[in-house]
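Please work through the exercises below with the sequence and the model open side by side.

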Amino acid sequence: MAAQIPFRSFNEKYVCNDDGNFSYSSTEQKRIETMLFENYNSIVLEPFEATGDEDLTELTILRQRHTAYLLRYLKNCPSSYATLDASRSWMCYWAVNALKILDAEIPKEIVSDLIVFLKSCEHPDGGYGGGPGQLAHLAPTYAAVMCLVSLQTEEALRSINKETLFNFLKKSKHESGGFYMHEGGEIDMRSAFCALSTCVVVGLPLEEISEGVAEWIISCQSYEGGFGGEPYTEAHGGYTFCAVASLVLLNRFRLADMESLLRWATRRQMRYEGGFQGRTNKLVDGCYSFWQGAIFPLLDGEMEREGRSLEKGLFEARMLEEYILVGCQSVHGGFRDKPDKPVDLYHTCYVLSGLSIAQKYSLARDGKILGGDVNTLAEINPVFNVTVASEQFAKEFFTSH
């Protein structure tokens, strides 16, 4: 790995050094670094082979290919796979949110089909299941509502039964301050975020379900500084995002130990790869481009309110852009975890969300984004993970309805 590297990532001095002590994890780390360096070299040394369908450069976001990949799924609105039957609401959200970030058009017939499908997932007593006729559950409730918000139509937002939804959210509240994921189900950080963000985005009274929630969330901050899924568990990127976003929604962020959280979050960006790991001593993963990356604009907002903003920012946005475009983008459409993994809707959504955040950071600090203006994505609201345009459309609609 001796090439002169114009990127901030893929720098030889940061390659894994296990001092000759073999382990499975160090071997995997080296393998990933080698794949990324090979991808980087192919971009730097070999011209990109365009197929005539787009004006491509080496680091162009392949919008048409990603759009085609996402629409292929939605045209089946959505297919039921035996192993993913309880995730169908999620799959709608991942695809629609990704398309909105790409600023792609969704055909009207697909929009109508999605509204009908998600209505069939709505439980008679409130909330949504992962598929038609399934138990109401906070996770697919969040996914279904955010998908409907992302469609940016009054028809989609009118399909949400706010009265029964609010009853479900109130019924999910536990005396500890947390929330049940479903009736009699687990209580963890995901459920708190799903309940609070769903409540706020549709304009329901947050104060009626917020008692004790902030205190329960703080009990989940670990000795490392990040947050676990429940008290006394390991700090994790997804749970930390849910905790930070929830505290921001509650306007109670000042309860958190900011200094230890900053130490933990900033150290999750990989020095060689440029992307994020989800936990200490784990491998890089494209989905944490959002789960970890979205923490920083939220922390920025809290620090600015305290007069502590940092000009250089809290993470290396350019390095994250590099990891995504070199390591996660498939030339056939879709995004993945890392170079040797298959693409999927989940990673496509969260990689694009993270890239949108990185681009805003880069523009604010460097005045440009990787690949040029042609790569510009729609801005997202990092609290909800929907585009700013979608969140504003929902806010205006629910304020008047």
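Three exercises with worked solutions follow.

This is a predicted model, in which local features need pLDDT of at least 70 and side-chain atom pairs count only at pLDDT 80 or more, while totals for chains, interfaces and linings use all residues. Residues are numbered from 1 along each chain as its sequence is written, and side-chain values use heavy atoms, with hydrogens and water left out.

**Exercise 1.** Determine whether Asp300 is buried or exposed, and list its contacts.

Begin with helix H13 (residues 295-305), a DSSP run of H or I with at least four residues, numbered from the N terminus, in which Asp300 is found. Its relative accessible area is 10%, so Asp300 is buried (under 20%, against over 50% for exposed and in between for partly exposed, with a 1.4 Å probe and protein chains only). Finally, leaving aside neighbours within four places in sequence, Asp300 is in contact (heavy atoms within 4.5 Å) with Leu314, Tyr361 and Arg365.

**Exercise 2.** Locate Gln329 and find which backbone oxygen lies 3.2 Å from a polar atom of its side chain.

Gln329 lies in the loop between helix H14 (317-328) and helix H15 (345-366), and with a relative accessible area of 10% Gln329 is buried. The backbone oxygen is that of Thr60, and Thr60 is also among the contacts of Gln329 beyond four places in sequence, which include Ile61, Leu62 and His66.

**Exercise 3.** Identify which residues touch the most other members of the largest nonpolar core.

The core (buried Ala, Val, Leu, Ile, Met, Phe, Trp, Tyr and Cys residues joined through side-chain atoms within 4.5 Å) has 134 residues, of which Tyr93 and Phe241 touch the most other members. Its largest share, eleven residues, comes from helix H5 (residues 138-151).

How values were computed. Helices (H or I, at least four residues) and strands (E, at least two) are DSSP runs, numbered from the N terminus. A polar contact is a pair of N or O atoms within 3.5 Å; within protein, one must be able to donate a hydrogen and the other to accept it, and residues adjacent in sequence count only if both atoms are side-chain atoms.
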